[in-house]
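Subject: The structure, and what turned up in it

Hi,

Here is the structure I promised to pass on. Have it open while you read, and my notes follow straight after.

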Amino acid sequence: MAQKKLGEILLARSAVRPIDLDRALSAQTEHQERLGQILIQLGVASREDVLGALGEQFNLATIGSGEFPEDPLPQEQCSERFLKANRVLPLSELESEIHFAIPDPTQSFIRPALELAFDKPVVLHLALEDDLNEALAKIYPDKTVAADVSEILDGNSFGVADEVDVALLRDMASDAPIIQAVNGLVSQAVALGASDIHVEPSAGRLVVRMRRDGILAEMETFPLDRAPAILSRIKIMSDLDIAERRHAQDGRFRFVGDGSELDVRVSIIPTLRGEGAVLRLLRPGGIALDFAALGMSPDVCRGLEQALEARQGIVLVTGPTGSGKTTSLYAAMHRLDARARKIISVEDPVEYRIDGVTQIQVDPKIDMGFANALRSILRHDPDVLMIGEMRDRETAEISVQSALTGHLVLSTVHTNNASSAVTRLLDMGIEPYLITSTLLGAFGQRLVRKTCPACSVDVPVEKELFAKYDLKAHGFEPGMALPRGKGCKACFDTGYSGRIGVYEYLKVDEQIRHQILDHQDAHEIEAYAVSCGMKTMWSDGLEKVRQGKTTLDELLRVVGGDDHAGI
C-alpha cells in the first residue's frame, strides 16, 4: 500500500486547514523545503502536530523529552560527533534491540548505519528537534572548546571592529581543527556533487546543510560557540572583513583539493542568532553548454536557434531562482559565433568564464550596476548583449533601446512561465508597443531530478494518477510501467541522480503582438500559443517521464499538475 502523504494525515487529524495546506504546497514548489518545515514556518501547524503526523506516516512512535535518559548510554560503537551531527539520542539498550530518538524520519541512512555499528536491530522514535538538541548538549557536553566566545562577543551576536578582538578571531580561525573542518565541508560537498553549502546558526548549534540536485539535506552540526571561528575562517579564505558582523558581505575563493579545482562564491549575512553563510560551488567546465544535453526538446532547440539568428531583438529566459536560467544563457552565448560577433555580458556575479565573450561583473560598491554598465558597454560596439537579470525599469528600458538600435539582447526575468514574461515587462513600465517591437520570444524552464540509473526499477503508474492527470492524452498507456529509483549508495538513497531541464518556448508572432497591444493577460497569450502547438513545461516534463528520465512525483513537485499551473 502506498505511503500516506503528510498533508493528507494532517488534514485527517484536523491539524491544518485545507487552504493553509494549499498555501504551503505552493510555497514548497518555490522554496523546495520539506512540507512539514514550511507549515511550521508559516505558523499554520505546530511542531507537535507535524511530528505526530510524521510518526503516522513512517510508522514510528513519538517520544517526549521527559522520557529521555539523564546519563549517556554506555557505548563505544559510534562517536559523540556522529550522534550530535545527525541528532541521534540513544535511549535504551536491550539484549535483542537498541532504541534511539531522531527528529527526521526521512534520513534513511540512520537506521542501517546504527544497525551496522551496534550489530543488532534498531528501534527509532521521533522527538522534537529542539528537545533533542538540548538533551544532546546536556548528556554529551563539548570538552574541546578552546575559548569562551561569548565573552569575546560580550553577549552580542553582532559586532564591529572596536567590539571584537580581531586578533583572537584570526587566531581561532587559524587553528588546525577549524581549517580542517572548513576544508572538509567543501571536500564533502564536492564528493556529494552538491551545488551549495549553507552554514546556518540555529538554536544551540551551527547547522551545515548541502544542496544536491536542488534539495537541501543536513550534513553536519557544530556547537554554536564554534560559529565565530568557522565564519572567520570562511571570511579569511574569501578575503572579507572578519571584524564586520553587521552588514552582508560577498566574496569568493579558489579551492584545490582531492584532485578537484573549483571557484567558491561566498555570501555572508547577519541573522538573529549570528552570521550565516552560503557557499556556491562553481566547477570550471562543469556545465553543459549544449542545448540537447540540457534537456531541450527539438522544438525548443529550433525556437531558440531561430531567435539567436536574429540580428536584433530580445530573448528572455524565465523561471525562479535556481531553475538553470543562467546556464541556458551561457549555452546560448556558446552557440553564437564569438569570432564574428562582439558579445558582452553584464552579470551578478560572473559564474563561469566563456572564451570570446567580454564578461563584466556588477559591483554596487563602485556604482557599477546593470544600468550603468549597459550605458558604458554600448560604446564598445557590441552585437550581442547578455544581461544577467532584467530586474528594474531602468535596465529594461536600456535593453529595449539596445534592441531597437540593432543589438540582440539575452536576459532573464523571474516569472513562473514564458507567457508571464510579457506581464513582467509591462509591470516594469515598458510600453506595449515597445515590447511588440523588440521581444522575439521567451523560454520558461525548471530543473527536475533524473531517475538514478543504478537502482532504477519499473513501477506501474497508479490508476488514480493516470486518470487525474489525463496521462493517456500525453502518450501514456494504462498499466504502463515507468522507471523509478529505489535508492542506493550511488544516489545517496534518494532514487535520483543529476538534473535535467523541462522547457517551454513562446514565440512572439503577429497574433501575440496584437494580444500584447490589447493588454490581454498571460492566460490568454498562453492559451493561444498552446493552440498553435506550444508545449508547456508540464507537457515537456510528461514526455521526459514517459521516456523514464524522471518521475511523475518529481515533475509534480517542481512544476505542478496542470498545464497552466505556473500562471
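Strand β12 (residues 343-347) and β13 run parallel, joined by five bridges. One pair to click on is glutamate 347, which stands opposite glutamine 361 in β13. Bear in mind throughout that this is a predicted model.

Those two strands belong to an open sheet of seven, ordered β13-β12-β14-β15-β11-β16-β19, with mixed pairing. At the edges sit β13 (357-361) and β19 (496-507), each of which pairs on one side only. From one strand to the next, the twist averages 20 degrees. Helix α15 (residues 370-377) packs on this sheet and touches β12, β13 and β14 (384-387). The direction of α15 makes about 165 degrees with that of β12.

If you follow the chain on from there, have a look at aspartate 381, in the loop between α15 and β14. Its phi is positive, about 55 degrees, although aspartate 381 is not a glycine. Most residues other than glycine have a negative phi. Is aspartate 381 buried or exposed? It counts as exposed, at 61% relative accessibility.

Serine 14 is another residue other than glycine with a positive phi, in this case near 55 degrees. You'll find serine 14 in the loop between α1 (6-12) and α2 (18-31). With a relative accessibility of 67%, serine 14 counts as exposed because the cut-off for that is over 50%.

Back in the seven-stranded sheet, threonine 318 is worth a visit. It is in strand β11 (residues 313-318). What is its relative accessible area? The value is 0%, so threonine 318 is buried. Its side chain reaches the backbone oxygen of asparagine 417 at 3.3 Å. Leaving aside residues up to four places away in sequence, threonine 318 touches Lys325, Val413, Thr415, Asn417, Ala418, Ala421, Phe443, Gly444 and Gln445.

Ala421 from that list brings us to helix α17 (residues 420-427), where Ser420, Ala421, Val422 and Leu425 are buried. What do the buried residues of α17 pack against? Their partners are the strands β11, β15 (408-413) and β16, plus the helices α18 (432-438), α20 (510-517) and α21 (522-531). After α17 comes glycine 429, which has a positive phi near 95 degrees.

Now for the holes. A search of the whole structure turns up two cavities of 30 Å³ or more, and the largest has a volume of about 80 Å³. Which residues line the largest cavity? They are Met296, Leu304, Leu308, Val315, Val317, Ser328, Leu329, Ala332, Leu410, Phe443, Gln445 and Tyr503. Two or more lining residues come from each of α13 (298-308), β11, α14 (325-335) and β16 (439-451). The biggest contributor is α14, with three residues. Phe443 and Gln445 also appear among the residues that threonine 318 touches, so you can display both sites in one view if you like.

There is a second sheet to look at as well. This open sheet has four strands in the order β1-β4-β3-β2, again with mixed pairing. Its edge strands are β1 (61-62) and β2 (89-93), and each pairs on one side only. Two bridges join β1 to strand β4 (residues 122-126), and these two run parallel. Alanine 61 has histidine 125 in β4 as its bridge partner. Helix α7 (residues 129-139) packs on this sheet, touching β2 and β3 (98-102). The direction of α7 makes about 75 degrees with that of β2.

Last stop: aspartate 104, in the loop between β3 and α6 (110-118). Where would you place it, buried or exposed? Its relative accessible area is 8%, and buried means under 20%, so aspartate 104 is buried. The side chain of aspartate 104 makes a polar contact with the side chain of threonine 106, at 2.6 Å. As for leucine 10, it is 94 residues from aspartate 104 along the chain, and the C-alpha atoms of the two are separated by 17 Å.

Cheers

Notes. Residues numbered from 1 in each chain as written. Predicted model: local features only at pLDDT ≥ 70, side-chain atom pairs only at ≥ 80, totals over all residues. Heavy atoms only, no water. Pairing = 2+ DSSP bridges. Contact = heavy atoms within 4.5 Å. Axes fitted to C-alpha atoms, helices over the stretch in contact; angles between N-to-C directions. Buried < 20%, exposed > 50% of the residue type's maximum accessible area, 1.4 Å probe, protein only. Polar contact = N/O pair within 3.5 Å; in protein donor to acceptor, adjacent residues only side chain to side chain. 1 Å grid on protein atoms, 1.4 Å probe; cavity = no way out; pocket = protein on both sides within 12 Å on 5 of 7 lines; lining within 4 Å. Points joined across faces, edges and corners; volume = space filled by probe spheres on them.
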